[in-house]
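Open the model in your viewer and keep the selection panel at hand. The tour moves from one selection to the next.

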Amino acid sequence: MTNDAKIPFLDLISTHAELTEELVAAFREALKTAGFIGGPVVEGLEREFAAFSDARFCVGVGSGTDALRFALSAAGVRAGDSVVTVPNTFIATTEAISQVGALPEFVDVEERTSTMDPDRLQTFLEAHCMQGPSSRRLISKRTGRPVTTIVPVHLYGHPADMDPIMELAERYNLIVVEDACQAHGAEYFSARSNRWMKAGSIGQAGAFSFYPGKNLGACGEAGAITTNDEEITRKCRMIRDHGQAKKYYHDLEGYNGRLDAVQAAFLRIKLKHLSKWNEQRRERAQVYGNLLSELGESAILPVAAPWAKAIYHLYVIRVEDRDDLIAKLAADNIGTGIHYPIPLHLQKAYAHLGHKEGDFPVSERLAREIVSLPMYPSLTEEQQHRVCERIRQILSEQAASKGSRPVLVAS
Ligand SMILES: *Cc1c(COP(=O)(O)O)cnc(C)c1O
């Protein structure tokens, strides 16, 4: 078995092979004009990505982390604020919060979707915050700081449950910035708006990453902010360009966070394929679901909530002995990932926040059990058969060596 061809966790090569001619032509075109930063190509991408995301505006920036940072600032987060997010996300979410001078504050996730649990958010706002001296301002009892903002993360391409989050945000006058870095084109059925809404178009602003491995990836670093708010758009445009609306007239201190025109050109080419690629990922997820369903209780498979059209940036299953499964798949030339092995509240970088094990039990449990399987549009059904057959063998070996089937209980 071990001499079978490698099934990588991620295959970026075959996607680009199909588009090589077009991408090279775009680069040649850029050399002709030497307009490498900003300009009409960036504006074209911004128009097209705004349309794709059902948002009025889009601002192209240097990365998803820039997008989060600039969106938070532009939406009104101030130094000293508390910003509520989840512990099971990539550290960029909380880096952006800290880098605008705010403090990340965590609420745990729903086990089923791995995204922010609206009930826990409500408990946090009602039981762990108090009304500040100025009315309509909540103060975190833990940090003593004003809670101004919520950052839900649409993890793995599955939207967070936005209706109750938006209701709480309205009730408590909070800003909502969506971390949509894994959710280009994911949709949420909003019962209160009675329609499907795209990730990044629901809160005051959404942040997207075009890191190469994302569903829409550049050939380098890139990101974007989506919003329906003209003022947030204007501010993001200034912040990405050293706080200037006009060259060398700086209204505020910003960043060098502009989008390369070459990356924008590549992204425009790839954006035309994104809906098809997302659909292919859904088909891959369906195939995994069928093949793995026979594992019964020894693996928990991802489920899309009824209000979600997920785009399967990652296909993440849960098993009891995750490390053994990963090692045996690797020995068989099958790549996997863990997103993410240590929840943020237990990372060394956040020791100063004073959290301990047990503070966010759902995120902690997920971190111990999750495995991300190979997932990309060009993954073949044959490859998936091999992955699933090996998983079945490994899990039954594990069960046999324990003398019983490992049982995971979904709550
Ligand atoms: C990728 C990612 C980011 C950061 O995006 P970059 O483009 O790498 O800066 C932020 N949040 C989440 C959830 C991500 O997956």
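The stops below cover the ligand site and then the enclosed space in this predicted model.

**Stop 1: the ligand.** Select the ligand and show the pocket surface. The ligand sits in the largest pocket. Now add the surrounding shell, which holds 15 residues. Gly64, Thr65, Gln182, Ser209 and Lys214 are the closest of them.

**Stop 2: polar contacts.** Show side chains and pick out the oxygen atoms of the ligand. Start at Thr65: an N or O atom of its side chain is 2.4 Å from a ligand oxygen. Go to Ser209, where a polar side-chain atom lies 2.6 Å from an oxygen atom of the ligand. Then take Gln182, with a polar side-chain atom 2.8 Å from a ligand oxygen. On its own the ligand has 380 Å² of accessible area, and the protein covers 93% of that.

**Stop 3: the shell by helix and class.** Select 64-75, helix H3, and 92-99, helix H4; each gives the shell at least two residues. H3 supplies the largest share, three residues. Colour the shell by class: six residues are nonpolar, seven polar and two charged.

**Stop 4: the cavities.** Where is the enclosed space? The whole structure has two cavities of 30 Å³ or more. The largest cavity holds about 120 Å³. Select Leu12, Thr15, Lys214, Asn215 and Arg281, which lie nearest its centre among 15 lining residues.

**Stop 5: the cavity lining.** Select helix H1 (13-33) and helix H8 (261-292), each with at least two residues in the lining of the largest cavity. H8 brings the largest share, three residues. By class, this lining has six nonpolar, five polar and four charged residues.

Conventions
Residues are numbered from 1 along each chain as its sequence is written. This is a predicted model: local features need pLDDT of at least 70, side-chain atom pairs count only at pLDDT 80 or more; totals for chains, interfaces and linings use all residues. Side-chain values use heavy atoms; hydrogens and water are left out. A residue is near a molecule or strand if one of its heavy atoms lies within 4 Å of it. A polar contact is a pair of N or O atoms within 3.5 Å; within protein, one must be able to donate a hydrogen and the other to accept it, and residues adjacent in sequence count only if both atoms are side-chain atoms. Accessible areas come from the Shrake-Rupley method with a 1.4 Å probe; for residues, only the protein chains shown count as cover. On a 1 Å grid over the protein atoms alone, a cavity is a set of points where a 1.4 Å probe fits but cannot get out, and a pocket is an open set with protein on both sides within 12 Å along at least five of seven lines; lining residues have an atom within 4 Å of a point. A molecule sits in a cavity or pocket if more than half of its atoms lie within 2 Å of its grid points. Helices (H or I, at least four residues) and strands (E, at least two) are DSSP runs, numbered from the N terminus. Ala, Val, Leu, Ile, Met, Phe, Trp, Tyr, Cys and Pro count as nonpolar, Asp, Glu, Lys and Arg as charged, and the others, Gly among them, as polar. Grid points are joined across faces, edges and corners, and a volume is the space filled by probe spheres set on the points.
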